[in-house]
Amino acid sequence: MFVGKIALGFIDYYLTLICDHNPENGRLYLPLGITVNDIYVQYKGKHPDERVTEHTFYNIWRKNIAGKVSKQANVSNLF
């Protein structure tokens with residue numbers, strides 16, 4: 001069994017809830033101020049008994065999520 005299966009499911013669900021979705025290119029945009037570490041902290045809060053380390057969580061993110069998600073542009077910097 002894939003060690004981070006629950007973590008990957010959590011990330012997918014979490015991003016579905018908090019990200020802006022661009023229907024033209026399929027990209028997801030994290031809200032300002034949200035980091036991968038913030039998502040890991042939320043994950044550990046919901047699944048404290050899971051044996052996914054922070055390092056493993058980042059590897060799951062890098063391999064499965066990183067190419068689909070971008071940080072939001074800071075609108076105040078555009079004006």
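Let's start with the outer face of helix α3. Turned away from the buried side of α3, that face carries His 55, Arg 62 and Lys 63, which are exposed (over 50% relative accessible area). This is a predicted model, where local features need pLDDT of at least 70, side-chain atom pairs count only at pLDDT 80 or more, and totals for chains, interfaces and linings use all residues. Residues are numbered from 1 along each chain as its sequence is written, and side-chain values use heavy atoms, without hydrogens and water.

Now the other side. α3 spans residues 54-64, and in it Phe 57, Ile 60 and Trp 61 are buried (under 20%, with a 1.4 Å probe, protein chains only). They cover an arc of only 100° around the axis, so they sit on the same side of α3. What covers them? The cover includes α1, α2 and β3 (69-71).

Next, α2 against α3. Their axes come within 11 Å and cross at roughly 120°. That makes α2 oblique to α3 (not under 35 degrees, not over 145, and not 65 to 115). From α2, the contact (heavy atoms within 4.5 Å) uses Val 36, Asn 37, Ile 39, Tyr 40 and Tyr 43. From α3 come Glu 54, Phe 57, Tyr 58 and Trp 61. The split is 7 nonpolar, 1 polar and 1 charged.

Last, α1 and α2. α1 is residues 5-18, α2 is residues 36-46. Their axes come within 11 Å and cross at roughly 120°. So α1 is oblique to α2. α1 brings Ile 6, Ala 7, Phe 10, Tyr 14 and Leu 15 to the contact. α2 brings Ile 39, Gln 42, Tyr 43 and Lys 46.

Methods
Axes fitted to C-alpha atoms, helices over the stretch in contact; angles between N-to-C directions. Helix = DSSP H or I, 4+ residues; strand = E, 2+ residues; numbered from the N terminus. Arc of directions from axis to C-beta. Nonpolar A, V, L, I, M, F, W, Y, C, P; charged D, E, K, R; others polar.
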